[in-house]
Amino acid sequence: MKKIFIILFSLITCAYIPVKAQNNNQKKVDGPQFKFDGGDTWDYGVIPRGPIAKHEFTFTNIGNQPLNIVDVTPSCGCTGVDWPKQPIMPGQKGSISLGLKTIEQHGVFDKEVYIMSNAVNIPHGDKRYTIYIKGDAKGGDDAK
C-alpha cells in the first residue's frame, strides 16, 4: 500500500510541474505591445540607385492598452518616415511608412529607425524600439 501511495504521489507531482512551468511562461504583460508582421527588419535586396524605395512596416498592438507612438526617427536624413498619430487600440493594426532616398546610397547599406512609444516590449530595456532596413543600392559606377 505504501508503494502505491508513493507511485501515485510521484505521478501527480510530475504531472503538476510541467503545467505550472507552462503557465509561468505565458504571463500576460500589462500595457501596449508591438508585433510587426514579417519581423522588424526589411531587406530591399539589390535596388537601383535613384528612385525612392518605399516600405511599410505593419504592426498589431497585441497588448491590452492603447499604443501611442510619440516619434519615429531614422538614423540618417536619407529616410523619410510617417506613422499613425492617433492611438492604436488593442488588437488594431497600424503601420510605419518609410521612403529611402536610394540616390544617397552607395552599395550595401544598413539603417535603423527608432520608435519612441509607450510600448512595454521594448527589447533590452531600451527606451525605444528599433526597426531595420538594409539592401544593396546599385547604379551608375556601382553596377559593375
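How many bridges join β2 to β8, and do these strands run parallel or antiparallel? In this predicted model, β2 and β8 run parallel and are joined by 6 bridges. That pairing is a good way into the rest of the structure, so let's start there.

## The mixed sheet

The strands β2 and β8 belong to an open sheet of 4 strands, ordered β2-β8-β7-β4, with mixed pairing. At its edges stand β2 and β4, each with a single partner strand, so one side of each has no neighbour in the sheet. Ignoring direction, neighbouring strands here are turned by 20° against each other on average.

Two residue pairs help you find the β2-β8 contact on screen. Trp 42 stands opposite Ile 133 in β8, and Val 46 has Asp 136 in β8 as its bridge partner. On to β7: this strand pairs with β8 in the antiparallel sense, over 9 bridges. A handy marker for that pairing is Val 113, which stands opposite Ile 131 in β8. Strand β8 itself is mostly covered, with 7 of its 10 residues buried.

## The antiparallel sheet

A second set of 4 strands forms an open sheet in the order β1-β3-β6-β5, and here the pairing is antiparallel. The edge strands are β1, residues 34-36, and β5, residues 79-82; each of them pairs on one side only. From one strand to the next, the twist averages 30°.

Within this sheet, β3 (residues 52-61) and β6 (residues 93-101) run antiparallel and are joined by 9 bridges. To trace them, look for Thr 58, whose bridge partner in β6 is Ser 95, and for His 55, which stands opposite Leu 98 in β6. The antiparallel strands β1 and β3 are linked by 3 bridges. There, Phe 34 has Asn 61 in β3 as its bridge partner.

## The nonpolar core

Which residues touch the most other members of the largest nonpolar core? They are Phe 34, Ile 96 and Ile 115, in a core of 24 residues. Strands β1, β2 (41-48), β3, β4 (69-74), β6, β7 (107-117) and β8 (129-138) each supply at least two residues of this core. The largest share, 4 residues, comes from β8. As background, nonpolar side chains tend to be buried together in soluble globular proteins.

Phe 34 is worth a second look: this residue is among the three that touch the most other core members, and Phe 34 also takes part in the β1-β3 pairing through its bridge partner Asn 61.

## A closer look at Thr 41

Thr 41 is found in strand β2. Is this residue buried, partly exposed or exposed? Thr 41 is partly exposed, with a relative accessible area of 36%, because that value falls between the limits of 20% for buried and 50% for exposed.

Leaving out residues up to four places away in sequence, Thr 41 touches Phe 57, Tyr 132 and Lys 134. Its C-alpha atom is separated by 9.2 Å from that of Glu 112, although the two residues are 71 residues apart along the chain.

## Salt bridges

How many salt bridges does a search of the whole structure find? The search finds 3. In one of them, Lys 93 pairs with Asp 37, with the closest N and O atoms 2.9 Å apart. Lys 93 lies in strand β6 and Asp 37 in the loop between β1 and β2, so this pair ties together parts that are 56 residues apart in sequence. Lys 93 is exposed, at 52% relative accessible area, while Asp 37 counts as partly exposed at 40%.

Another salt bridge joins Asp 82 and Lys 85, where the closest N and O atoms are 3.2 Å apart. Asp 82 is partly exposed, with a relative accessible area of 45%, and Lys 85 is exposed, with 53%. The side chains of Asp 136 and Lys 138 also meet in a salt bridge, at 3.5 Å from N to O. Here Asp 136 is buried, with a relative accessible area of 15%, whereas Lys 138 counts as partly exposed at 31%. You have already met Asp 136 as the bridge partner of Val 46.

Definitions and conventions: Residues numbered from 1 in each chain as written. Predicted model: local features only at pLDDT ≥ 70, side-chain atom pairs only at ≥ 80, totals over all residues. Heavy atoms only, no water. Pairing = 2+ DSSP bridges. Axes fitted to C-alpha atoms, helices over the stretch in contact; angles between N-to-C directions. Core = buried A, V, L, I, M, F, W, Y, C linked by side-chain atoms within 4.5 Å. Buried < 20%, exposed > 50% of the residue type's maximum accessible area, 1.4 Å probe, protein only. Contact = heavy atoms within 4.5 Å. Salt bridge = Lys/Arg side-chain N within 4 Å of Asp/Glu carboxyl O.
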